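Student: I have a new structure to look at. Could we go through the terms people use for it, one by one?

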Amino acid sequence: MERNRRKSFVGLVESNKMEKTVTIKVQRIVKHPVYGKYVKRTTKLMAHDADNSCNIGDKVKITATRPLSKSKRWRVVEIIERAR
């Protein structure tokens with residue numbers, strides 16, 4: 001049996017100061033309801049990084065998972081691009 005499709009996002013690591021946790025900044029573009037202009041919106045998400053391999057500025061892919069703590073509902077699937 002196959003798992004359900006889970007939400008996944010690509011974002012930048014903003015903080016890695018916690019143990020096995022990183023803060024990811026995810027950016028999306030939404031259309032303004034009245035003026036029709038496209039506006040950037042950012043969301044900060046806490047993600048589980050099991051081997052503490054992420055560094056600040058890395059581009060990572062995260063996916064939804066069961067609640068791991070009060071604020072962690074995401075986990076890092078892969079590091080797409082390392083920071084310079």
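Student: How many salt bridges does the structure hold?

Tutor: Three salt bridges. Keep in mind that this is a predicted model.

Student: What makes Lys25 and Glu14 a salt bridge?

Tutor: The cut-off is 4 Å between a side-chain nitrogen of Lys or Arg and a carboxyl oxygen of Asp or Glu. The closest N and O atoms of Lys25 and Glu14 are 3.1 Å apart. That value is within 4 Å, so the pair counts as a salt bridge. The pair links distant parts of the chain. Lys25 sits in strand 2 (residues 21-31) and Glu14 in strand 1 (residues 8-18), 11 residues apart.

Student: Why is Lys25 called partly exposed?

Tutor: Buried means under 20% relative accessible area, and exposed means over 50%. Lys25 has 38%, so partly exposed is the right term. Glu14, at 29%, is partly exposed by the same rule.

Student: Which side chain meets Glu14 in a salt bridge at 3.4 Å, N to O?

Tutor: That of Lys44. Here Glu14 in strand 1 is linked to Lys44 in strand 3 (residues 38-48), 30 residues apart.

Student: Is Lys44 buried or exposed?

Tutor: Exposed. Its relative accessibility is 58%, and the term needs over 50%.

Student: What links Glu14, Lys25 and Lys44?

Tutor: A network of salt bridges. Glu14 bridges to Lys25, and Glu14 also bridges to Lys44.

Student: How do you know that Asp58 and Arg82 form a salt bridge?

Tutor: Their side chains meet at 3.3 Å, N to O. The limit is 4 Å, so the pair qualifies. Asp58 lies in the loop between strand 3 and strand 4 (59-64), and Arg82 in the segment after strand 5 (72-81), so the pair ties together parts 24 residues apart in sequence.

Student: Why is Asp58 called buried?

Tutor: Its relative accessibility is 1%, and buried means under 20%, so the word fits. Arg82, at 47%, is partly exposed, because that value lies between 20% and 50%.

Student: Now the strands. In what order does the closed barrel run?

Tutor: Its five strands run 1-2-3-5-4, with mixed pairing. Neighbouring strands are turned by 50° against each other on average, direction ignored.

Student: How do you know that strand 2 and strand 3 pair?

Tutor: Pairing takes at least two bridges. Strand 2 and strand 3 are joined by 11 bridges, so they pair. They run antiparallel. Across this pairing, Ile24 stands opposite Leu45 in strand 3.

Student: What about strand 1 and strand 4?

Tutor: They pair in the antiparallel sense over five bridges. Ser8 has Thr63 in strand 4 as its bridge partner.

Student: How many bridges join strand 1 to strand 2?

Tutor: Four, and these strands run antiparallel. Met18 is bridged to Thr21 in strand 2. Strand 1 and strand 2 form a hairpin with two residues between them. Lys20 in the turn has a positive phi of about 60°.

Student: Why is Thr63 called buried?

Tutor: At 10% relative accessibility, Thr63 is under the 20% limit, so it counts as buried.

Student: What makes the link from Thr63 to Lys7 a polar contact?

Tutor: The side chain of Thr63 reaches the backbone oxygen of Lys7 at 3.2 Å. The limit is 3.5 Å, so the distance fits.

Student: Which residues does Thr63 touch, not counting those up to four places away in sequence?

Tutor: Arg6, Lys7, Ser8, Arg73, Trp74, Arg75 and Val77.

Terms used. Residues are numbered from 1 along each chain as its sequence is written. This is a predicted model: local features need pLDDT of at least 70, side-chain atom pairs count only at pLDDT 80 or more; totals for chains, interfaces and linings use all residues. Side-chain values use heavy atoms; hydrogens and water are left out. Buried means under 20% relative accessible area, exposed over 50%, partly exposed in between (1.4 Å probe, protein chains only). Axes are lines fitted to C-alpha atoms, for helices over the stretch in contact, and angles run from 0 to 180 degrees between N-to-C directions. A polar contact is a pair of N or O atoms within 3.5 Å; within protein, one must be able to donate a hydrogen and the other to accept it, and residues adjacent in sequence count only if both atoms are side-chain atoms. Contact means heavy atoms within 4.5 Å.
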